[in-house]
Amino acid sequence: MRRRRRTPVERVLARPGPPFEITFDGRPLTALPGQSIAAVLWNAGVLAWRTTRVAGRPRGAFCGIGQCFDCLATVNGRPNQRACLLPAAPGDAVTTQKGDGRADLAD
Amino acid sequence: MVGAGVVGAACAYYAARAGLTVTVLDRGPVAGGTTGAGEGNLLVSDKEPGPELELALLSLRLWRELGERHDGPARSAEYEAKGGVVVARDETRLKALRSLAAVQAAAGVETREVPGDRLHELEPRLAAGLAGAFHYPQDAQVQPALAAAHLLRASGALVRCGERVTGLLRGPDGRVGGVRTVPSGALPAGHVVNATGVWGGEFAAAADVFLPVAPRRGFVLVTEPLPRVVRHKVYAADYVADVASGSAALQTSAVVEGTPAGPVLIGASRERVGFDRTLSVEVLHRLASQAVALFPALADVRAIRAYAGFRPYLPDHLPAIGPDPRAPGLLHACGHEGAGVGLAPATGLLIARLLTGDQPPLDVHPFRPERFDRTT
């Protein structure tokens with residue numbers, strides 16, 4: 001009988017605190033304490049949460065360690081947050097970032 | 001050509017176009033020194049009438065050909081004829097700008113006064129309450145590392161990075177006949193051009209000639225990518241005085257400009273502290289607060305990085321361009337301080353003409369490299 005693949009949480013024998021909710025473009029997602037925003041999004045099958053400035057192409061996590069700035073997202077209205085570094089907090093509202101995310105400063 | 005910065009690249013470009021066979025050497029990568037740490041300003045607005053302004057006026061015409069023509073080698077280097085705006089916060093500074101603009105106009109600079117209440121037509125996000133400004137439509141901008149790389153490619157010159165020059169080859173008559181490098185050894189050449197920028201004095205010393213190039217440090221603060229918040233190159237009137245000053249002490253004045261890639265670049269600081277790369281929080285703090293005073297919308301924008309560079313400073317603020325009579329076969333093209341990107345094409349054209357024995361397009365006497373030598 002093939003054994004079920006263990007989740008990362010099971011692999012490291014983690015006993016995280018109770019899950020909580022964040023939203024992505026209004027849709028509720030379940031997060032665990034200590035997870036980055038990118039981890040929560042990946043866990044929910046979301047791979048892209050930004051579009052590029054010029055061509056509008058989709059972007060998500062690439063390096064995962066804060067170096068490449070590809071995973072920028074708008075979190076609680078604040079653009080250009082690195083989703084791979086930012087820990088999820090209960091009630092966080094993550095929204096897809098369009099381009100530079102600073103439409104407030106556009107002409 | 002020793003030095004693959006923007007000046008060496010422009011020298012290579014114009015020399016190759018004049019029919020010469022050119023090899024460019026650099027101990028590091030293309031644009032790895034001051035070129036890569038610059039903002040790419042192509043300015044006439046900050047220059048008083050004199051030899052540097054004449055060089056700048058010629059150079060900006062050449063940049064326009066290089067950057068705007070459909071087959072220009074710098075057309076992919078983000079050339080923007082955006083114009084400069086020099087702002088005065090009070091009447092005293094505006095009066096000083098007015099007299100500078102008058103003598104500049106007489107020397108061929110296009111400039112017009114913009115009253116304080118019309119400033120927002122030019123720059124909608126400028127702070128309110130400024131006394132006025134002068135608009136300089138000839139000022140432009142280019143991405144300096146891209147410009148150097150494209151000029152080198154277009155030159156067709158052989159580019160050899162990772163070649164450290166350790167000395168000069170001399171003929172039996174003492175004439176400079178090439179360079180010695182690590183790792184390649186002897187590389188003979190008809191002429192050697194010192195385009196090593198802020199290291200130009202060191203290079204000159206290897207040829208036993210004196211050229212007092214000293215580093216003048218500057219920091220640039222880079223914001224997150226933004227929409228077009230800043231349309232021109234905008235700077236405070238105090239910048240002109242800072243550029244002209246010879247002081248070693250720290251000076252900062254706001255210079256703010258957008259880029260096609262989105263980030264806004266914030267300068268400018270000047271201080272002579274040798275080749276010290278230590279990040280100065282004090283300088284960054286002053287740059288940021290001066291920029292916010294000009295553009296209040298920047299207050300809630302994040303700065304994502306900062307970098308330092310070393311302007312090649314010569315005591316009279318003029319570059320060294322031309323043959324060195326103390327070392328026949330050696331020419332200099334260095335010491336452009338903060339204006340190297342702007343002055344590169346004219347410098348390259350002058351060097352090419354001097355190499356081929358043709359008449360340079362302007363008088364090179366003020367730039368003669370031996371002018372600091374007390375014995376001549």
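I began with Ser280(B), which I placed in the loop between strand 15 (264-270) and helix 8 (281-294) of chain B; the model I am reading is a predicted one. Is Ser280(B) buried or exposed? I noted a relative accessibility of 16%, so Ser280(B) counts as buried, the cut-off for that word being under 20%. I then followed the side chain of Ser280(B) and found that it reaches the backbone nitrogen of Val283(B) at 3.1 Å. Setting aside residues up to four places away in sequence, I recorded Arg217(B) and Phe219(B) as the residues that Ser280(B) touches.

Entry on the domains of chain B. I wrote down domain 1 as 6-75 + 144-212 + 316-372, and domain 2 as 87-137 + 214-313. How far apart do the C-alpha centres of domain 1 and domain 2 of chain B lie? I have 27 Å for that separation, and for the contact between them I noted 23 residues from domain 1 of chain B and 33 residues from domain 2 of chain B.

Entry on empty space. Rolling a probe the size of a water molecule over the atoms shows where empty space is left. I looked up the second largest pocket, for which I have a volume of about 380 Å³ and a lining of 18 residues, with Met1(B), Thr21(B), Thr23(B), Ala189(B) and His191(B) lying nearest its centre. Which elements give two or more residues to the lining of this second largest pocket? I listed strand 1 (23-26), strand 10 (185-188) and strand 11 (192-194), each of them in chain B. When I sorted the lining of the second largest pocket by residue class, I obtained 13 nonpolar residues, four polar and one charged.

I turned next to cavities, and the count of those of 30 Å³ or more came to one. The largest cavity has a volume of about 50 Å³, and as its lining I wrote down Tyr13(B), Tyr14(B), Arg17(B), Glu65(B), Leu66(B), Arg69(B), Gly72(B) and Pro73(B). Helix 1 (6-17) and helix 2 (51-68) of chain B each supply at least two residues of that lining, and I noted that the largest share, three residues, comes from helix 1 of chain B. By class, the lining of the largest cavity divides into four nonpolar residues, one polar and three charged.

Entry on Arg231(B). I found this residue in the loop between strand 12 (214-223) and strand 13 (233-236) of chain B, and I recorded it as partly exposed because its relative accessibility is 25%. Which residues is Arg231(B) in contact with, leaving aside its neighbours within four places in sequence? My list holds Asp107(A) from chain A, together with Lys82(B), Leu122(B), Glu123(B) and Pro124(B). For Glu123(B) I also noted that its C-alpha atom is separated from that of Arg231(B) by 6.4 Å, although the two residues are 108 residues apart along the chain.

Entry on backbone geometry. I looked up a cis peptide bond that joins Val182(B) and Pro183(B), with omega about 10°, and I placed Pro183(B) in the loop between strand 9 (176-182) and strand 10 of chain B. The peptide bond from Gly267(B) to Ala268(B) is also cis, with omega near -5°, and Ala268(B) lies in strand 15 of chain B.

In chain A I noted Leu13(A), which has a positive phi of about 55° although it is not a glycine. Leu13(A) sits in the loop between helix 1 (8-11) and strand 1 (20-24) of chain A, and at 69% relative accessibility it counts as exposed. For Phe69(A) I have a positive phi near 60°, a place in the loop between strand 4 (58-59) and strand 5 (72-75) of chain A, and a relative accessible area of 34%, so I entered it as partly exposed.

Last entry, on Asn80(A). I placed Asn80(A) in strand 6 (residues 78-82) of chain A and recorded it as buried, since its relative accessibility is 6%. Which side chain does a polar contact of 2.4 Å join to that of Asn80(A)? I found it to be the side chain of Glu224(B). Leaving aside neighbours within four places in sequence, I listed the contacts of Asn80(A) as Leu72(A), Ala73(A), Gln97(A) and Asp100(A) in chain A, with Glu224(B), Pro225(B) and Arg302(B) in chain B.

Definitions and conventions: Residues numbered from 1 in each chain as written. Chains lettered and ligands numbered in written order. Predicted model: local features only at pLDDT ≥ 70, side-chain atom pairs only at ≥ 80, totals over all residues. Heavy atoms only, no water. Helix = DSSP H or I, 4+ residues; strand = E, 2+ residues; numbered from the N terminus. Buried < 20%, exposed > 50% of the residue type's maximum accessible area, 1.4 Å probe, protein only. Polar contact = N/O pair within 3.5 Å; in protein donor to acceptor, adjacent residues only side chain to side chain. Contact = heavy atoms within 4.5 Å. 1 Å grid on protein atoms, 1.4 Å probe; cavity = no way out; pocket = protein on both sides within 12 Å on 5 of 7 lines; lining within 4 Å. Points joined across faces, edges and corners; volume = space filled by probe spheres on them. Nonpolar A, V, L, I, M, F, W, Y, C, P; charged D, E, K, R; others polar. Domains from an automatic or database assignment.
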